[in-house]
Amino acid sequence: MIYVALNKFENTVIHVDAPGMYTTIQDIGRVGYQQYGMPVAGPMDSESYLLGQALVGNVEPVGALECTVLPPTLTVKGTCIVAFTGADMQPTINNVVVPRYIPFVCYEGDIISGGFSQCGVRMYIAFSGGIDVPEINGSVSTHTKAKIGGLEGRQLKAGDEFGIKPFTPKDIHVCEYGGEGHNLFNTILYNRGGRYCHEPLRVVLGDQARHFTEKGIKTFGSKLYTLTMQCDRMGFRFDGPIIEHVDSADIISDGAVFGSIQVPSDGNPIVLMADRQTTGGYTKIGTIITADLPRLSQLPVGDGIHFDIVTINEAQDIYRTYMKQLQEWLQLAQEQSIYVFKVRNNI
């Protein structure tokens, strides 16, 4: 390991050679605009996204790439620090597989890529300084259905280019990486994306639970539900035993939050995700707790899950414990950010 003072990174551009399966630019999302009908968007797995920001030394959450199942292939024009978090897509720099949850410095001409996910569904690529695209309502997050944010409100395509904001690194230690990934990963952070995603999703029942029969609620809280192909950043539709309504599945539209579980007339649950609509007119049996949403975002199509009903007090206790743990992880990631690796034989 050697001490290196890297100069300020300026005028760095990322060229998209291949877009991957579904890659969008996301930051923390458009908070405070739902009352105007503006969706929040933002990362599906906020935990992995935030850890990536901390690992590359970003103090504030800024634009990063959210990759789905297969990551893009990118050419770096300039110098930047990157980190890969979330699902295990075997990320590579110059065809060398590198570990997630470790920051790497990339130089002019370096190629960032990867393969199909081995564990989990969504991987995040964070850049020091963040992706430089126009903000809309204080956010660069892409919402493809509304066609706003990111690059023209769409997923990446081959030939795209986007800039990276100027970034002045702290005094950091740079070390050559020669493929010894098993010796590098941080056991506290490593491989979180996709792990434990099959454990029960804890749910707090809401006021609209009165629209379901006792049998329906018991079915919901005890049976296996399978994620169907009808899933995207807006919502996850599950298939399983029918959740029985007292009467109709329709209500006067009201607010929708990340994790709300709508149950339309067919009796199968739909969990609203990052790109959810601002209001919805189907009965909502409950809401998945904040601590379990990152795990849900990494659930593969065709896999099953159970819903575990918890009380509000239990959910609040879990939330406090989770947020304390998350802050400890983020602090650890910030401390990690001064130890940066470069792939051997880099320019």
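**View 1. Strands β15 and β22 side by side in the predicted model.** In this predicted model, strand β15, covering residues 201–205, pairs with strand β22, residues 284–288, in the antiparallel sense, and three bridges link the two. To find your way along the pair, look for Val204, which stands opposite Thr287 in β22. As a reminder, strands of a sheet pair through backbone hydrogen bonds, either parallel or antiparallel.

**View 2. The closed barrel to which β15 and β22 belong.** Seven strands make up this barrel, and you can follow them in the order β15-β22-β19-β20-β17-β16-β23. The pairing around the barrel is mixed. On average, neighbouring strands of this sheet are turned by 40 degrees against each other, direction ignored.

**View 3. Strand β16 between its partners β17 and β23.** Which strand does β16 reach through a hairpin? It is β17, and three residues make the connection. Strand β17 spans residues 235–239 and runs antiparallel to β16, joined to it by three bridges. Here Leu227 stands opposite Phe238 in β17. Strand β16 itself takes in residues 224–231, and three bridges also join it to the antiparallel strand β23, residues 304–310. On that side, Tyr225 has Ile305 in β23 as its bridge partner.

**View 4. The largest nonpolar core, with Phe104 among its residues.** This core holds 32 residues, and those touching the most other members are Leu65, Val82, Phe104, Ile125, Phe127 and Phe162. Strand β6, residues 80–88, gives the most to this core, contributing four residues. Zoom in on Phe104 and, leaving aside neighbours within four places in sequence, you will find it in contact with Cys80, Ile81, Val82, Ile93, Val98, Pro99, Tyr177, Val340, Phe341, Lys342 and Val343. Another core lies apart from the largest one; it has 27 residues, including Phe9, Ala126, Phe167 and Ile318.

**View 5. Thr23 and its surroundings in strand β3.** Strand β3 runs over residues 23–26, and Thr23 is part of it. Is Thr23 buried or exposed? Thr23 counts as buried because its relative accessibility is 0%, and the cut-off for buried is under 20%. Its side chain reaches the backbone oxygen of Pro19 at 2.7 Å. Not counting residues up to four places away in sequence, Thr23 touches Leu65, Glu66, Cys67, Leu70, Pro72, Gln155 and Leu156. Leu65 may look familiar from the previous view, where it is one of the residues of the largest nonpolar core that touch the most other members.

Technical notes: Residues are numbered from 1 along each chain as its sequence is written. This is a predicted model: local features need pLDDT of at least 70, side-chain atom pairs count only at pLDDT 80 or more; totals for chains, interfaces and linings use all residues. Side-chain values use heavy atoms; hydrogens and water are left out. Buried means under 20% relative accessible area, exposed over 50%, partly exposed in between (1.4 Å probe, protein chains only). A polar contact is a pair of N or O atoms within 3.5 Å; within protein, one must be able to donate a hydrogen and the other to accept it, and residues adjacent in sequence count only if both atoms are side-chain atoms. Contact means heavy atoms within 4.5 Å. Two strands pair if DSSP finds at least two bridges between them. Axes are lines fitted to C-alpha atoms, for helices over the stretch in contact, and angles run from 0 to 180 degrees between N-to-C directions. A nonpolar core is a set of buried Ala, Val, Leu, Ile, Met, Phe, Trp, Tyr and Cys residues joined through side-chain atoms within 4.5 Å.
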